[in-house]
Amino acid sequence: MKLNALDNRNEKMALREDDLTQPIIGPIRLAPAHELVVEQIRRSMQLGLFLPGHKLPPERDLADQLSVSRTTVREAVRILVSEGALSVKRGASGGLIVNQLHGDDAEELRSFIRQRRSEFNDVFDFRVVVEGATAELAAQRRGSDHLQRMRQKLDEMTIAIQASLEHDDPDPVSVFNAADTGFHLEIARASQNKHLLASVESIRRAMFVPIGGVFIKLRKDANEIHEPIFDAIADRDGSRARARMIEHVEGTRRAMMEFLDERKQV
């Protein structure tokens, strides 16, 4: 199972935490362009913008979108391939394919997350505080365009659930997770606070790959808790929006803990 990218990311997070005890002033390091490209692509994967099993845009298009040379993109891709995040498919229908980083071994994934249980609890604590407040502010500040985009994400999740129920295929789960992240980001945009948006995006990135891997089959009611959040925001009821968001986050936490406490069936 390819967990190297997750381990690397956790090591970087640990380093950033260690930096909090260091002096504020320190050496300035300018990151090479290819490292910035790696971070951009990794960010898009973690937010579900590039889904497992799907192809990245062609090298030329990536270079144009990122305003860098094709050589820079090529070096970034080489790093991501070496990490196991991408693979190269040859032939006329080939290209750069996004890998399923968490693999399909539930027990191995469970072991990986158990070792980081406290880190994941920290993630959920952060979500309760930040996303609860974000939903409350979104209810006060949202516009009709925000509601329209939220509804679009809800519809995408509903379609993914139906596809998952009809086909034993992991792809709808990835589509659902991407739309779920999009829904939460649209709520953050509706708050019209750039710091809250950055915080929600950061925490969704921290949880997307490992937690997304836990749910390998969608339940029929997987989208039900999102509707009350949407309704509260649409009604401009901030306190209800906060309460429904916290209920949602705590429900996800409980599902995660139940997953971790399950034992492999013999």
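Where is arginine 236 found? The legend to Figure 6 returns to this residue, which sits in the loop between H10 and H11. Let's start with the model as a whole.

**Figure 1. Confidence along the predicted chain.** This is a predicted model, and its chain averages a pLDDT of 80. A score of at least 70 is reached by 78% of the residues. Confidence is highest in helix H10 (residues 226–234), with a mean of 97, and lowest in helix H1 (residues 4–19), with a mean of 49. Over residues 11–17 the pLDDT stays under 50, and the model has 1 contact there beyond four places in sequence. Please keep that in mind when you look at this stretch.

**Figure 2. Glutamate 227 and arginine 151 link two helices.** The two side chains form a salt bridge whose closest N and O atoms are 3.1 Å apart. Glutamate 227 belongs to helix H10 and arginine 151 to helix H7 (residues 144–166), so the pair ties together parts that are 76 residues apart in sequence. Both partners are partly exposed: glutamate 227 has a relative accessible area of 25%, and arginine 151 one of 27%. Arginine 151 has another neighbour to look for, as its charged end sits over the ring of phenylalanine 230, 4.6 Å from the ring centre. If you are curious about ring-to-ring partners, the structure holds 0 aromatic pairs.

**Figure 3. More salt bridges, from a single pair to a network.** The whole structure contains 19 salt bridges. As a general reminder, side chains of opposite charge can pair when their charged atoms come close. Arginine 253 and glutamate 250 meet in one of these bridges, at 2.9 Å from N to O. These two residues are 3 positions apart in helix H11 (residues 238–261), a separation of about one helical turn. Arginine 253 is buried, with a relative accessible area of 13%, whereas glutamate 250 is partly exposed at 26%. Elsewhere, Asp145, Arg149, Glu186 and Arg189 are joined into one network by salt bridges that share partners.

**Figure 4. The largest nonpolar core and its contributing helices.** Here you can see a core of 31 residues, in which Met150, Phe183, Ile187, Ile233 and Met256 have the most contacts. Two or more residues come from each of helix H6 (117–141), H7, helix H8 (171–190), H10 and H11. H11 gives the largest share, 7 residues. Isoleucine 233 is a good place to zoom in: leaving out residues up to four places away in sequence, isoleucine 233 touches Ala135, Ala138, Ala139, Arg142, Leu147, Met150, Ile187 and Ala241. A second, separate core has 17 residues, among them Phe50, Leu62, Ala63 and Val77. In soluble globular proteins, nonpolar side chains tend to be buried together.

**Figure 5. Two buried residues, phenylalanine 120 and histidine 146.** Phenylalanine 120 lies in helix H6 and is buried, with 6% relative accessibility. Along the chain, phenylalanine 120 and methionine 256 are 136 residues apart, yet their C-alpha atoms are separated by 9.1 Å. Histidine 146 has its place in helix H7. Is histidine 146 buried or exposed? At 8% relative accessibility, histidine 146 counts as buried. Residues up to four places away in sequence aside, histidine 146 touches Arg189, Ala190 and Gln192. One of these contacts, Arg189, also belongs to the salt-bridge network of Figure 3.

**Figure 6. Two loop residues with positive phi.** Which loop holds serine 67? Serine 67 is in the loop between helix H3 (59–66) and helix H4 (70–83). Although serine 67 is not a glycine, its phi is positive, at about 55 degrees. Serine 67 counts as exposed, at 65% relative accessibility. Now back to arginine 236, in the loop between H10 and H11. The phi of arginine 236 is near 60 degrees, again a positive value in a residue other than glycine. With 44% relative accessibility, arginine 236 is partly exposed. While you are in this part of the chain, look for the salt bridge between arginine 240 and aspartate 235, with the closest N and O atoms 2.8 Å apart. Arginine 240 is partly exposed, at 28% relative accessibility.

Conventions: Residues numbered from 1 in each chain as written. Heavy atoms only, no water. pLDDT = per-residue confidence, 0-100. Helix = DSSP H or I, 4+ residues; strand = E, 2+ residues; numbered from the N terminus. Contact = heavy atoms within 4.5 Å. Salt bridge = Lys/Arg side-chain N within 4 Å of Asp/Glu carboxyl O. Buried < 20%, exposed > 50% of the residue type's maximum accessible area, 1.4 Å probe, protein only. Core = buried A, V, L, I, M, F, W, Y, C linked by side-chain atoms within 4.5 Å. Phe/Tyr/Trp six-rings, centres within 6.5 Å; stacked < 30°, edge-to-face > 60°. Lys NZ or Arg CZ within 6 Å of the ring centre and 35° of its normal.
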